[in-house]
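Work through the exercises below with the sequence and the 3D view open. Try each task before reading its solution.

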Amino acid sequence: MTKSFICIVCPRGCRVNVDDNMNITGNQCKRGESYVLTELTAPKRIITTTARTVFKQLPRVSVKTDVPIPKELIYDIMNIINGVVVDKPMAIGEVLISNILDTGSNVILTKSCLK
Amino acid sequence: MKKEIIVIGGGASGLAAAISAKKEGRDVLLIEKEDRLGGILNQCIHNGFGLQVFKEEYTGPEYADRYINEFYKNNIEYLLDATVTDVIKIKDGFEITFSSRKTGIKKVNTNAVIMSTGCYERTRGSIIIPGDRPYGVITAGSAQRYLNIDGYMVGKNVFILGSGDIGLIMARRMHLEGANVLGVAELMPYSNGLTRNIVQCLNDFDIPLFLSHTVTQVNANKNQRLESIIIQQVDEKYNPIEGTEKNFKVDTLLLSIGLIPDITLLDNLNVEKDYKTKSVKINQSYQTNVSGLFICGNSLQVHDLVDNVSLESERAGVCASQYVLSQTTKANKNVRVVAGKNLLFVTPHYVDFSSESSKIVFQFRSKMKIEKSMLKISQDNKLVKNKRINFVVPAEMESITLNIENFDSSNDIVLDLEVL
């Protein structure tokens, strides 16, 4: 079965096709090949979301995973972050959850929370 | 009290303009209407910012933080929770009226003004969707603010009209927070958003994109809440095609149908308008035809990357500073810049040969997608400069920087984008 991807390395947005024998076609440059290979074997994404706080002035603080996490863990990680409450002043870049789901990625603040 | 430069708006644009003007040694006051600096970046919690300026990938709040720190370091005077209500031209400058809970209504004079007021979202009223007028029809940017800053969802079953970047980003965001995002409809046969956002916000989560479709009916329930919408395919003249109706049961319709520069403060000044950018005309110093009035960022032209907003506003800050120092009077050696073949618009609109800025940064958008193109800049039918540009799309603004020495001061400067 042929799988189809849109390469997002540059604005051109080549439609790249991969067949069962891993023949890659449709990309206009080499970068498209490595993009599709990563997407096929181990697609990763950075999650950006918010965490609840106890502070009235800042009810939500924005957070992210500091390195990309496997795409299939997105929903599990969202669930964990939604269960956490920031209850003390924290600075931008501080770790809220370390090594989430053993991914080697930390969830860090992307905005300082009253600090 | 008189200032040398007043910057209106403390978002990405205002911060960069104020910092650069202050670094040039000017006495600067920045006025921000919200209770914090950073503007719309505060609610743009997704990443992808800063690759050009910082060579790093930041989220919106992180990008803002870098500039806010720099702003504090330079000890720039600023007001929060203060809304500018009037800008009036007086002898030797401007009188600015602002209103804040702390100070009441105050006036302050200044030599120069930098408008960095950003843009606002087009609403339902500007596209006339037939049907009821229920709660639940809201702009994508407002929903983004409610969710990311205030922490509540505007609905559970969501449809999005318009494939602008904010709409795409909100499709993913609401999906990840548990909403059922049923689809995105785009009137044009192509998306207006960045390809990266189509892939990572829609395709990643199997959210369908209906190209050449629009919302043709909005239905309310008896409590005046949104109950359902109908979308229809459109023909090449954008007229709905009968028989293509699709019904969606939704409680929320997000609108991501475009941004308009916010220049309402300039209504009482006689500023020359550009009906393409929906803002005003400027010369290469970001100065309007009202001397001392500068404009930059999304209030000048809607950008797709914040990095370009910062860089542009930094240049505007330097130009405003030069103006204050030299007190240049009305610009008179103006040559027109013309958006020629295949171009939607070009800024600046004029090149002022009496100005101290010898660098001209032309920014433009193409009218259509072109695989291989040649940008030709000419005067009096003579080619001044050409540049090959591969893959141009309307959604991505392009630029080229030239020195004023390349041009003569008597003929229009024409930019054409030739298809190769």
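**Exercise 1. Find how strand β22 of chain B pairs with β24(B), then place both in their sheet.**

Solution. Start with the pair. Strand β22 (residues 334-339) of chain B runs antiparallel to β24(B), and three bridges link them. Look for one contact: Val335(B) has Val351(B) in β24(B) as its bridge partner. Keep in mind that this is a predicted model.

Now widen the view. The two strands belong to an open sheet of five strands in chain B, in the order β24-β22-β29-β26-β27, with mixed pairing. β24 (350-352) and β27 (382-392) of chain B are the edge strands, each pairing on one side only. On average, neighbouring strands of this sheet are turned by 20 degrees against each other, direction ignored.

**Exercise 2. Check whether the length of helix α2 of chain B agrees with 1.5 Å a residue, then list its buried residues.**

Solution. First, count. Helix α2 of chain B covers residues 60-73, which makes 14 residues. Next, take the expected span: one less than the number of residues, times 1.5 Å. For this helix of chain B that should be 20 Å. The end C-alpha atoms of α2(B) are 20 Å apart, so the two values agree.

Then turn to burial. A residue is buried when its relative accessible area is under 20%. In α2(B), the buried residues are Gly60(B), Pro61(B), Glu62(B), Tyr63(B), Ala64(B), Tyr67(B), Ile68(B) and Phe71(B). Last, step past the helix: just after α2(B), Asn75(B) takes a positive phi of about 50 degrees.

**Exercise 3. Decide whether Tyr78(B) is buried, partly exposed or exposed, and name its patch partners.**

Solution. Locate the residue first. Tyr78(B) lies in strand β5 (residues 77-79) of chain B. Its relative accessible area is 31%. Partly exposed covers values between the 20% and 50% limits, so 31% falls in that class. Tyr78(B) is therefore partly exposed. Now look around it on the surface. Tyr72(B), Tyr78(B) and Leu80(B) make up a nonpolar patch, with about 260 Å² of accessible area together.

**Exercise 4. Explain why strand β6 of chain A counts as largely enclosed, and trace the strands it pairs with.**

Solution. Count the buried residues. In β6 (residues 60-65) of chain A, six of the six are buried, so the rest of the structure largely encloses this strand. Both faces take part. Arg60(A), Ser62(A) and Lys64(A) point one way, Val61(A), Val63(A) and Thr65(A) the other way, and all are buried.

Next, the partners. Strand β5 (residues 48-53) of chain A runs antiparallel to β6(A), with five bridges. Arg52(A) has Arg60(A) as its bridge partner. These two strands of chain A form a hairpin with six residues between them. Strand β10 (residues 107-109) of chain A is also antiparallel to β6(A), through three bridges. There, Thr65(A) is partnered with Val107(A).

**Exercise 5. Follow chain B from β6(B) through β7(B) to β8(B).**

Solution. Begin at β6 (residues 82-90) of chain B. Eight bridges join this strand to β7(B) in antiparallel fashion. One of the bridge pairs is Ile88(B) with Glu95(B). Two residues lie between the strands of this hairpin, in which Asp92(B) takes a positive phi near 65 degrees.

Move on to β7 (residues 93-100) of chain B. Six of its eight residues are buried, so the strand is largely enclosed by the rest of the structure. A hairpin of three residues then leads from β7(B) to β8(B). Seven antiparallel bridges join β7(B) to β8 (residues 104-115) of chain B. Ser99(B) stands opposite Ile105(B).

Notes
Residues numbered from 1 in each chain as written. Chains lettered and ligands numbered in written order. Predicted model: local features only at pLDDT ≥ 70, side-chain atom pairs only at ≥ 80, totals over all residues. Heavy atoms only, no water. Patch = residues over 30% accessible without salt bridge, like charges linked within 9 Å, V, L, I, M, F, W, Y side chains within 5 Å. Areas by Shrake-Rupley, 256 points an atom, 1.4 Å probe, with all protein chains shown as cover. Salt bridge = Lys/Arg side-chain N within 4 Å of Asp/Glu carboxyl O. Helix = DSSP H or I, 4+ residues; strand = E, 2+ residues; numbered from the N terminus. Buried < 20%, exposed > 50% of the residue type's maximum accessible area, 1.4 Å probe, protein only. Pairing = 2+ DSSP bridges. Axes fitted to C-alpha atoms, helices over the stretch in contact; angles between N-to-C directions.
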